[in-house]
Amino acid sequence: MRDVDGGFDALYREHAPAARATLIRLLGDFELAEDALHEAWIVAMQSWVDDGGALQLPANPRAWLISTARFKGIDRLRRRVRYREKLALVAAGEPSASEATPEQALVDATVFEDDRLRLIFTCCHPALSREAQVALTLREVCGLSTEEIARAFLLRAPTLAQRIVRAKRKIQSAKIPYAIPEAADIPMRLEAVLSVIYLVFNEGYAASSGDALIRRELCLEAIGLGRLVVDLLDEPDGEALGLVALMLLSESRRVARTDARGDLVLLEDQDRALWDRELMEEGRAYVARAFATGEVGSYALQAAIAAVHARAETFEATDWAEIVALYDLLYEASDSPVVALNRAVALAMRDGPAAGLELVEALLRDDALKNYHLAHAARADLYRRLGRREDARVAYRRALELTELEPERRFLSRRLQELDG
Amino acid sequence: MKYVCLVYGEEEAIRGVDDKVCAAYGQELQERGVYLGGQPLMSVETATTVRVRRGEVTVTDGPFAETKEQLAGFYLIEARDLNEAIRIASGIPPAQVGSIEIRPARELDVEG
């Protein structure tokens, strides 16, 4: 029996997300779709087993699930008070004649794909707050439970549930369409989708507190979402590809970037034997695909930088000239002072600490970075490498004053001690 | 679905938008059949606010809230969904200098 249960879990993960996306379109209502899917799944668990208790699937489980849930949903609508209006809406949302009967249309894979893309763009609609976009995407597209999402973001479940309810209400009342944006709007809308995915990834990747397992899960969900978007888009998109590459390359270093105590390990100190070569290769392949589109933005460039690191056998063997060149492009694309800081650090590796220090000092005179702890930490490190211990000490202390993140504080304190020792 | 597009901005900036350009856009929306109504407003200096509390009418000078960005006008439009409303709103000339707030209109609930 256990095997059958496990089989059902896997089947649910395989079919429920796509079924949910199509049901939302067919029923025109997130809640109704969820309830109907739930009911249909209960029926599936009873009818997808033979007399001997072994799995016995219908020819097209997904189509079966959707069509059963659709009937359950319409049934529910009938029991509601103002069902006539709703039914009219559902009928209006019916697949057009060209798609033949709904059942036939359901077997067509492109319909599922379009529905998943509709769902992603709806959940990441710019008329919703970023927090709501993230919560809705994880709930509706990835199928995570409200409790799981709340735990991952260190929020109370009711707070998160309310966020989702409010977002769904806005979708309904402001009439945010369940649609793939028009071609002209795709770049802007895709940017929001990619930001949501990257935010989910970073939440999982950040070395801050929280349940390690759930954080890992978030990273994998984000990578899965990124791949899904890449696969669903008609035209290859350099930034979508770049984001997947960036996430894969970051994920490949997960184990090496913290030590047994959970402290951050700098790139130069990481044990490269711990890097996941398979993920890295995949990430590099995505970088190549991103650059092949001829249009690269900040995700693809960041990924390209990560790929140069991935290629190096040792920290010393890193191709710093290429990294600086990529940072030049990234700075052009993003105009971010933090990128300028990273560029200065890379340049210090290429041309020596004195050259880097000059740039960092100039950046520190800028308001944007004046109170940024990593800028002071970078300055401290360059002083240290130049043998100017007292200057280094002062800069590390300033960096310490500016951060409250515990792992970073431990790291900076350790550096200070090493200077004294 | 009906939406109201509320035009907000600093009055100085809004004044810089040519009325002819606004009129042309209104005309275009009418021809597309999505324009249901609208009106530019006079300066906020001319605003009067009325409140009735316990049957007593109080009248004060000025808008209901003093903010840097003021309501400068509105459009009532008919749009298929929010995406179309956003497209229409982004064509409103003062959007270049101010902000357009899109609000779905509702019908009064007189049945319950």
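Across all chains of this predicted model, the count of salt bridges comes to 35. Let us walk through a few of them, and then turn to the cysteines and the aromatic rings.

## Charged pairs

Side chains of opposite charge can pair when their charged atoms come close. A good place to start is Arg227(A), whose side chain meets that of Glu282(A) in a salt bridge, 2.3 Å from N to O. This pair ties distant parts of the chain to each other: Arg227(A) belongs to helix α11 (residues 212-232) of chain A, while Glu282(A) belongs to helix α13 (residues 277-292) of chain A, and the two are 55 residues apart. How exposed is Arg227(A)? Its relative accessibility is 26%, so Arg227(A) counts as partly exposed. Glu282(A) is likewise partly exposed, because its relative accessibility is 26%.

Asp367(A) and Lys370(A) give a local example. Both sit in helix α18 (residues 367-370) of chain A, three residues apart, which is about one turn of the helix. Their side chains meet in a salt bridge of 3.0 Å, N to O, and the two side chains also make a polar contact at 3.0 Å. Asp367(A) counts as exposed because its relative accessibility is 59%, over the 50% needed for that label. For Lys370(A) the relative accessibility is 39%, so Lys370(A) counts as partly exposed. To get a feeling for distances in the model, you can also look from Asp367(A) to Leu119(A): these residues are 248 apart in sequence, and their C-alpha atoms are 41 Å apart in space.

A further salt bridge joins Arg388(A) to Asp391(A), with the closest N and O atoms 2.9 Å apart. Arg388(A) has a relative accessibility of 38% and therefore counts as partly exposed. Asp391(A), with a relative accessible area of 32%, is partly exposed.

The table below puts these three pairs side by side.

| Salt bridge | N to O distance |
|---|---|
| Arg227(A) and Glu282(A) | 2.3 Å |
| Asp367(A) and Lys370(A) | 3.0 Å |
| Arg388(A) and Asp391(A) | 2.9 Å |

Salt bridges can also be followed from residue to residue here. Which residues are linked in a network of salt bridges? They are Asp269(A), Asp381(A), Arg384(A), Arg385(A), Arg415(A) and Glu418(A).

## Cysteines

How many disulfides does a search of the whole structure find? The answer is zero over all chains. Cys123(A) is in no disulfide, and the nearest cysteine sulfur, which belongs to Cys124(A), is 6.4 Å away, whereas a disulfide needs the sulfur atoms within 2.5 Å. Cys123(A) has a relative accessibility of 0%, so Cys123(A) counts as buried. Cys142(A) is in no disulfide either; the nearest cysteine sulfur to it is that of Cys123(A), 9.2 Å away. With a relative accessible area of 15%, Cys142(A) is buried, as the label applies under 20%.

## Aromatic rings

Now for the rings, where the count comes to nine aromatic pairs over all chains. One of them is formed by Tyr198(A) and Tyr299(A), an edge-to-face pair with 5.4 Å from centre to centre and 80° between the planes. The pair links distant parts of the chain, with Tyr198(A) in helix α10 (residues 186-205) of chain A and Tyr299(A) in helix α14 (residues 298-311) of chain A, 101 residues apart. Tyr198(A) and Tyr299(A) are both buried.

Is the pair of Phe201(A) and Tyr205(A) stacked or edge-to-face? It is stacked, with 5.2 Å between the centres and 25° between the planes; planes under 30 degrees apart count as stacked. Phe201(A) and Tyr205(A) are four residues apart in helix α10 of chain A, so they are separated by about one helical turn. Phe201(A) counts as buried because its relative accessibility is 1%. Tyr205(A) is buried too, with a relative accessible area of 11%.

Tyr205(A) has a charged partner as well: the charged end of Arg257(A) sits over its ring, 3.8 Å from the centre. In another such arrangement, Arg253(A) lies over the face of Trp275(A), at 5.8 Å from the ring centre.

Finally, ring pairs also build a cluster, made of Phe8(A), Tyr12(A), Trp41(A), Trp48(A) and Trp64(A).

Note on methods
Residues are numbered from 1 along each chain as its sequence is written. Chains are lettered from A and ligands numbered from 1 in the order in which they are written. This is a predicted model: local features need pLDDT of at least 70, side-chain atom pairs count only at pLDDT 80 or more; totals for chains, interfaces and linings use all residues. Side-chain values use heavy atoms; hydrogens and water are left out. A salt bridge is a side-chain nitrogen of Lys or Arg within 4 Å of a carboxyl oxygen of Asp or Glu. Buried means under 20% relative accessible area, exposed over 50%, partly exposed in between (1.4 Å probe, protein chains only). A polar contact is a pair of N or O atoms within 3.5 Å; within protein, one must be able to donate a hydrogen and the other to accept it, and residues adjacent in sequence count only if both atoms are side-chain atoms. Rings of Phe, Tyr and Trp (its six-membered ring) pair if their centres lie within 6.5 Å; planes under 30 degrees apart count as stacked, over 60 as edge-to-face and the rest as tilted. A charge sits over a ring if NZ of Lys or CZ of Arg is within 6 Å of the ring centre and within 35 degrees of the ring normal.
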